[in-house]
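Please report on the side-chain packing of this model. Cover aromatic pairs, charges over rings, disulfides and nonpolar cores.

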Amino acid sequence: SVLYFGGSDAKLKSKMRRDVKYFALFTILALNYCWFSLLLSTVHGVYDDGNRNEFPGIFPPNAINQKSVHETKTHTQGQEREELSQESAHEIKTHTQGQGHEELPGWIEEYISWHTRSRKQFPGKAIITDPNAPPVLVRTCLTAFYGGLNDRLGQLPLDLYIANQTQRILLIKWIKPHGLENFLVSPEGGLNWTFPEGVENWGTRCSNPSECGKQIRTTVPELESNVGVSENRLKSQRYDELIDNNIRELNHGKLKDAKAVRFVILGHLNENYLEQKLLTLGEKDLIHNTPTFGAIFRRFFRPHPNVQKEIDLANKNLGLIPGSYSIAHSRVSHPQAYERGEKFKGSYIGNADGHGFPFEGSMKDKAVDIATRAIKCAASLPDASSHPIYFIADSKDLVQYMTRDLQNETYVLNHFDSFIDQKSANATAKELVSRYHVVARNQNTPNCHIDKNRHRPVKHYYPTFIDLYLAMNGRCVSYGIGYFAVFATKLSGTQCKIRYMKEKWGSSIPITNVDFCSLPARD
């Protein structure tokens, strides 16, 4: 008898050697297949924790130039079954999510759909506390110094991108000046960004906003940040590396298993990063300078009923019809509107944001000149002079002066000396507002900057949101320092806009597709 691995027959030996080679080759192929399958599942971010594997991400995390994953729906025996199909990214089509909604790119629509299903499946605190719920990513404002509305809400596209790439539920939580839900709420059928109440270590059992913010900062992990007040700020890292590293940490690094992660990142300073990512992945809609920017905002927010009431009242009292009036915006308390280190009566003008604008003497003249240019340049826009010009400023004294006092004969008579010099700031402004229909809302409620003015009642911050929506509904916009009005133009998508003033010092956000108005305040 001859054994399989023994014997003297030459043909048998040859056959055995051939069989061994085939077995070895088969083993190598099998191992390679297992390794490749494991690698592919990692690249596509497929997880087995709860409903996270249902995520229809268009852009596989950290995988560039790969096909996008789209979700199709079928129904079997009355139950919804979701199947994933492959489709090239450049073929993505926009569609409307629900009646009355504006079109958004497919990847955003699908993310919102997944987000909505997840919040319905895990209502209230369950989105945080239920181990089967997908993980969350929370944009926070826990202290002051996070900036104004543009800094806080002007980077929703980046927030959506990070959340999409990491398969996390995007939420928003403000501590200061107050919860965002006091001013804006989720619209029906929109994305529910509201953070649930009563979640342990998220502002529970604390007596004041500072204590609540500290509790969150010390218990909830944070992404690396480019904001100065963040404990996790990286000063030297490039912006693209910052975002890429954060996505990598959430998908495969130390934060992969963190149920909730908070973040504060300034994205509107580097919008080209996201645009390049979208281009590379085959997306045609780059969002920031398209109607999609405003459509995203409206899918997230509508005014709180108390804010909406004030918007409606302003429209009624001033006769403002959306799309039939212009905006003139003056940011006179911004430090970059003046020379660096400039003082007035021994105090730095740069502190006016927090301490109030000194509306007197030479500072009053400077503020009036800025307002005059804003209105004059607004009136220069096509057909703008035949419509009301709604005036917005960060100084209630300036608004009162330009829209009430200068049009009040009794005031002018009582301050006759201020108007003798026909080339003065006061006389020039008076003549200007007499030629145009310049209006503003009642200034009984203080104009409080949401970042610089602290410890104020909720209603004192309403004007910021009221003016934002009124500016969004303006036909044309004239703006100078600061980006409040710029933010409004991006949300509305208006192309009728003009810039009349630039920063005296420091860096500024590049603003494209806008003409510069060189008209002087005084002729």
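## Arg-152 and its surroundings

Arg-152 has a relative accessibility of 3%, so the residue counts as buried. The model is a predicted one. Arg-152 is part of helix H4, which spans residues 149-153. Where does the charged end of Arg-152 sit relative to Trp-174? Arg-152 lies over the face of the Trp-174 ring, at 4.7 Å from the ring centre.

Trp-174 is one of several contacts. Leaving aside residues up to four places away in sequence, Arg-152 also touches Arg-139, Cys-141, Thr-143, Tyr-146 and Gly-147. Lys-176, Pro-177, Ile-450 and Asp-451 complete the list. Among these neighbours, Cys-141 is buried, with a relative accessible area of 3%.

A second charge is placed over a ring as well. Lys-490 lies over the face of Phe-293, at 4.5 Å from the ring centre.

## Aromatic pairs

How many aromatic pairs does the model hold? The count comes to 14. Phe-183 and Tyr-461 form one of them, with ring centres 6.4 Å apart. Their planes meet at 70 degrees; the cut-off for edge-to-face is over 60, so this pair is edge-to-face. The partners come from distant parts of the chain, 278 residues apart. Phe-183 is in the loop between strand S4 (169-174) and strand S5 (184-185). Tyr-461 is in the loop between strand S12 (438-439) and helix H16 (462-472). Both Phe-183 and Tyr-461 are buried.

Phe-297 and Phe-487 form another pair. Their ring centres are 5.9 Å apart and their planes stand at 85 degrees, so this pair is edge-to-face too. Phe-297 belongs to helix H9 (residues 292-300) and Phe-487 to helix H17 (residues 484-492), so the contact ties together parts 190 residues apart in sequence. Phe-297 and Phe-487 are both buried.

Ring pairs also build a cluster. Its members are Trp-193, Phe-293, Phe-297, Phe-300, Phe-301, Tyr-469 and Phe-487. Phe-293, the ring under Lys-490, is thus named in this cluster.

## Nonpolar cores

Which residues touch the most other members of the largest nonpolar core? They are Phe-297, Phe-300 and Phe-301, in a core of 99 residues. Helix H16 supplies the largest share of this core, with 8 residues. Phe-297, Phe-300 and Phe-301 are also members of the ring cluster.

Phe-301 has contacts from several stretches of the sequence. Not counting residues up to four places away, Phe-301 touches Leu-153, Leu-156, Ile-172, Leu-180 and Leu-184. Val-185, Pro-187, Trp-193 and Tyr-469 are touched as well. Two of these, Trp-193 and Tyr-469, belong to the ring cluster.

Another core lies apart from the largest one. This other core has 45 residues, among them Ala-352, Ile-375, Ile-389 and Ala-440.

## Disulfides

The structure holds 3 disulfides. Counting bonded cysteines along the chain, the pattern is 1-2, 3-6, 4-5.

| Disulfide | S to S distance |
|---|---|
| Cys-206 to Cys-212 | 1.9 Å |
| Cys-377 to Cys-517 | 2.1 Å |
| Cys-476 to Cys-496 | 2.0 Å |

Why is the link of Cys-206 and Cys-212 called right-handed? The torsion about its S-S bond is about 95 degrees, so the disulfide is right-handed. Cys-206 is buried at 19% relative accessible area, where the cut-off is under 20%. Cys-212 is buried at 11%.

The link of Cys-377 and Cys-517 is left-handed, with -80 degrees about the S-S bond. This disulfide joins distant parts of the chain, 140 residues apart. Cys-377 is in helix H12 (residues 361-379), and Cys-517 is in the segment after strand S15 (515-516). Cys-377 is buried, with a relative accessible area of 0%. Cys-517 is buried as well, at 3%.

Cys-476 and Cys-496 have a torsion of about 90 degrees about the S-S bond, so their disulfide is right-handed. The two cysteines are 20 residues apart. Cys-476 is in strand S13 (residues 476-479), while Cys-496 is in the loop between H17 and strand S14 (497-499). Both Cys-476 and Cys-496 are buried.

Technical notes:
Residues numbered from 1 in each chain as written. Predicted model: local features only at pLDDT ≥ 70, side-chain atom pairs only at ≥ 80, totals over all residues. Heavy atoms only, no water. Phe/Tyr/Trp six-rings, centres within 6.5 Å; stacked < 30°, edge-to-face > 60°. Helix = DSSP H or I, 4+ residues; strand = E, 2+ residues; numbered from the N terminus. Buried < 20%, exposed > 50% of the residue type's maximum accessible area, 1.4 Å probe, protein only. Lys NZ or Arg CZ within 6 Å of the ring centre and 35° of its normal. Disulfide = S-S within 2.5 Å. Core = buried A, V, L, I, M, F, W, Y, C linked by side-chain atoms within 4.5 Å. Contact = heavy atoms within 4.5 Å.
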